[in-house]
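I set out to record, entry by entry, what I looked up in this structure. The entries run from the whole chain to single residues.

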Amino acid sequence: MDREYVTLNKLPPEVRKQMRVKFDNRPYFTTWVMFVNILIMVITIATQSIAPIGFTDKLVTTQLLRHNLAYETVGYNQTTNFWIGPDYQSMIHLGAKYSPCMRVDKEYMQSIESDVTVKMRRDVASGRI
């Protein structure tokens, strides 16, 4: 491997001056955004609860005292979180989307269907299909 390494002394003075001057290109915005994200995560975990860690749902049961002084056992499936973080309810409270409450928008779906039919007609006319 015949390679010659150019030392700094062999370079022209203009190039040496350019190499000595280094610009400070640090990712200040990215660092700030990550700091804010970590701060919000720590505050959320401190004020809310941490989800159980695992891959499957966890059945949580408890006994409630009813109005007729009888105990009733109630339970629900708590969603586990593979990553260490807040539970499902806390994330929804903080603004995450809750997919069972999301509805289909009729106008949006009609727009998509019309776009698909236009593309299908264009493909048929051009002989692609």
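The notes below begin with the overall form and then turn to selected residues.

**Entry 1. Overall form**

I noted at the outset that this is a predicted model. I looked up the secondary structure and found 4 helices and 2 strands. Along the sequence, the elements follow the pattern α-α-β-β-α-α.

I then asked what the radius of gyration is beside that of a compact globule of 129 residues. The protein has 30 Å, whereas such a globule would have a value near 14 Å. The C-alpha trace spans about 95 × 60 × 35 Å along its principal axes.

I next looked up burial and found that buried residues make up 9% of the 129 residues. The accessible surface comes to about 12300 Å², and 60% of that surface belongs to carbon and sulfur atoms. As to contacts with a separation of 6 or more, 47% are accounted for by residues 24 or more positions apart.

**Entry 2. The nonpolar patch and helix α2**

I asked which residues make the nonpolar surface patch. The patch consists of Phe29, Trp32, Val33, Phe35, Leu39 and Ile43, and its area is about 650 Å². I followed Phe29 further and placed it in helix α2, which covers residues 28-47. Phe29 counts as exposed because its relative accessibility is 65%, and the cut-off for that class is over 50%.

**Entry 3. Asn25, ahead of α2**

I located Asn25 in the loop between α1 (13-20) and α2. Its relative accessibility is 69%, so Asn25 counts as exposed. I also looked up its distance from Asn68: the two residues are 43 residues apart in sequence and 70 Å apart in space, C-alpha to C-alpha.

**Entry 4. Leu69, between the strands**

I found Leu69 in the loop between β1 (58-65) and β2. I checked its backbone and recorded a positive phi of about 65°, although Leu69 is not a glycine. Most residues other than glycine have a negative phi. With a relative accessible area of 67%, Leu69 is exposed.

**Entry 5. The salt bridge**

I asked how many salt bridges the count comes to. The count is 1 salt bridge. Its partners are the side chains of Arg66 and Glu72, which meet at 3.2 Å, N to O. Side chains of opposite charge can pair when their charged atoms come close. I then looked up the accessibility of each partner. Arg66 is partly exposed because its relative accessible area is 40%; Glu72 also counts as partly exposed, at 32% relative accessibility.

**Entry 6. Asn81 and Phe82, between β2 and α3**

I placed Asn81 in the loop between β2 (71-78) and α3. I asked whether Asn81 is buried or exposed. Asn81 is buried, since its relative accessible area is 17% and the limit for that class is under 20%. A polar atom of the Asn81 side chain lies 3.1 Å from the backbone nitrogen of Trp83. Leaving aside neighbours within four places in sequence, I listed the contacts of Asn81 as Ala51, Pro52, Ile53, Gly54 and Pro86.

Phe82 is likewise found in the loop between β2 and α3. Its relative accessibility is 43%, so Phe82 counts as partly exposed. Not counting residues up to four places away in sequence, Phe82 touches Ile53, Gly54 and Phe55. Ile53 and Gly54 thus appear in the lists for both Asn81 and Phe82. I also looked up the separation of Phe82 and Phe23, which are 59 residues apart in sequence and 42 Å apart in space, C-alpha to C-alpha.

**Entry 7. Ser90, in helix α3**

I located Ser90 in helix α3, which covers residues 88-93. Ser90 is buried, because its relative accessible area is 3%. I asked which side chains make polar contacts with the side chain of Ser90. One partner is the side chain of Gln48, at 3.3 Å; another is the side chain of Asp87, at 2.5 Å. Leaving aside its neighbours within four places in sequence, Ser90 is in contact with Gln48 and Ser49. Gln48 therefore enters this entry twice, through the contact list and through the polar contact, for which N or O atoms must lie within 3.5 Å.

Definitions and conventions. Residues are numbered from 1 along each chain as its sequence is written. This is a predicted model: local features need pLDDT of at least 70, side-chain atom pairs count only at pLDDT 80 or more; totals for chains, interfaces and linings use all residues. Side-chain values use heavy atoms; hydrogens and water are left out. Patches are made of residues with over 30% relative accessible area and no salt bridge: like charges are joined within 9 Å, nonpolar side chains (Val, Leu, Ile, Met, Phe, Trp, Tyr) within 5 Å. Accessible areas come from the Shrake-Rupley method with a 1.4 Å probe; for residues, only the protein chains shown count as cover. A salt bridge is a side-chain nitrogen of Lys or Arg within 4 Å of a carboxyl oxygen of Asp or Glu. Buried means under 20% relative accessible area, exposed over 50%, partly exposed in between (1.4 Å probe, protein chains only). The radius of gyration is taken over C-alpha atoms; the globule rule is 2.2 Å times the number of residues to the power 0.38. Contact means heavy atoms within 4.5 Å. A polar contact is a pair of N or O atoms within 3.5 Å; within protein, one must be able to donate a hydrogen and the other to accept it, and residues adjacent in sequence count only if both atoms are side-chain atoms.
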